[in-house]
Amino acid sequence: MKSTIRDLTLAPLGQSKIDWVAPRMQVLNMIRKEFEEQQPFAGKKVVICLHLEAKTAYLAHVVRAGGAEVTVVASNPLSTQDDVVAALVQQGIEAHAWHNATEEEFKQHLQLALDTEPDFIIDDGGDLVSTIHTTRPELLNKVKGGAEETTTGVLRLHSMARDGVLKFPMIAVNDAQCKYLFDNRYGTGQSVWDGIMRTTNLVVAGKTAVVAGYGWCGKGVALRAKGLGARVIICEINPIKANEALMDGFEVMPMSDAAKSGDFFITVTGNTDIINKEHFVLMKSGAILCNAGHFDVEVNVAQLKELAISVRQARTNITEYTLPDGQLLYLLAEGRLVNLAAGDGHPAEVMDMTFALQALSLQYVALNYDKLSTEVYQVNTEIDEKVAMLKLQSLGLSIDTLTKEQVGYLASWSSEEKS
Ligand SMILES: NC(=O)c1ccc[n+]([C@@H]2O[C@H](COP(=O)([O-])OP(=O)(O)OC[C@H]3O[C@@H](n4cnc5c(N)ncnc54)[C@H](O)[C@@H]3O)[C@@H](O)[C@H]2O)c1
């Protein structure tokens, strides 16, 4: 085993981070026990391409407990925690990643991980799947399938399937209810503000937060901004989502209007060029800009650089841009996912559900790949409900069950039975 990491001596610190999250991921622990007994991945190789922090490291251990030979690689150059990957390597898991890898190094790491010739993969954002299809055609017969973590990756997979180029089945973990209702909404909601607050050390109450995108993530970011005492403005392109934001109690307006009053700008659309030159010039001096969408294309950093008369590092993870009129704009984490590039990502209890879905979806692929075609599959309802039930169980909670009469009542259609 040959890993490509920065510094193995960081392992004890990384191990303490993994040890902190492991007992807080109770659903994953229950699945780990099942995996240890059933060995669903015995003799198989798995490449995991996710944000390399403690919760992901624990998922890697759980997949290995199911019999797999696991290799991890980063899904984003800024979210890798060098101490965590060092701890993985020390525990015998191959890793190819370091924090702040250049574009070239990032691509090299993906190639090194693929040199292990995986049977199954877990991807986040679609870079691993895309790299296999575009640069490693010899692996298209070897990789039997996998699972995708996020909205942007699932969109890319659907585009590949539509164009007839997807060559193995992928499960859209993002689209499971136990994923987006909790991870995208509450996970992103909390961790984005954690990232902003720990990086800036500024007050949120009484300020104006502009959230671009009122999807599952945007709803969480807006909800938590409100809870922190901010005035919240939503920018959307979808009239239904805009109405929803309005009825949830937020102001709605285009970015060209919101740009003038925001103190914090958070993009979370999964789209490109959300905040551009024409918006930067309208902003108040001191405005904080950041992104929580998968790729660093939502805040137009190239235009911000072009516009600026000077650029300097104001503090760790904060770049200060001085505009010609003297306004100072502050960009967090270079416009990459602020909660992961300037924080520790979602809380462990939330990632417990997401990674339980990942583990069970990977098991589903491992047991059924010969029956699956080269499509994007939804997570089975049984898996989604199993994760929800295990989560309640881990919290010591139970819920009611339908009586026989209630089942009959819900299934009936005649007026006599209904009244
Ligand atoms: N930071 C994280 O930890 C994290 C977690 C989950 C997902 N994500 C990523 O966040 C992004 C959003 O995910 P989601 O699940 O909320 O997606 P979603 O599809 O539920 O929501 C995206 C919203 O953005 C809106 N939108 C699109 N273009 C826009 C524009 N030009 N201006 C304003 N609004 C626009 C859409 O109408 C939609 O309502 C994706 O890239 C996803 O991969 C990040």
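Me: Ala, Val, Leu, Ile, Met, Phe, Trp, Tyr, Cys and Pro count as nonpolar, Asp, Glu, Lys and Arg as charged, and the others, Gly among them, as polar. How do the residues of the shell around the ligand divide?
Reply: This is a predicted model, in which local features need pLDDT of at least 70, side-chain atom pairs count only at pLDDT 80 or more, and totals for chains, interfaces and linings use all residues. Residues are numbered from 1 along each chain as its sequence is written. A residue is near the ligand if its C-beta atom, placed from the backbone, lies within 6 Å of it. On that basis 29 residues surround the ligand, the closest being Gly213, Gly215, Cys217, Gly270 and His294, and the shell divides into 12 nonpolar, 15 polar and 2 charged.

Me: Which domains each give at least three residues to the shell around the ligand?
Reply: Domain bounds come from an automatic or database domain assignment. At least three shell residues are drawn from each of domain 1 (8-179 + 346-394) and domain 2 (186-341).

Me: Where does UniProt place the feature "domain: S-adenosyl-L-homocysteine hydrolase NAD binding"?
Reply: UniProt annotations may be inferred rather than shown by experiment, and their positions follow the numbering used here. The entry is unreviewed, and the feature is placed at residues 184-345.

Me: What is the radius of gyration of the protein?
Reply: The radius is taken over C-alpha atoms, and the globule rule is 2.2 Å times the number of residues to the power 0.38. With 419 residues, a compact globule would have a radius near 22 Å, so the protein agrees with the rule at 22 Å.
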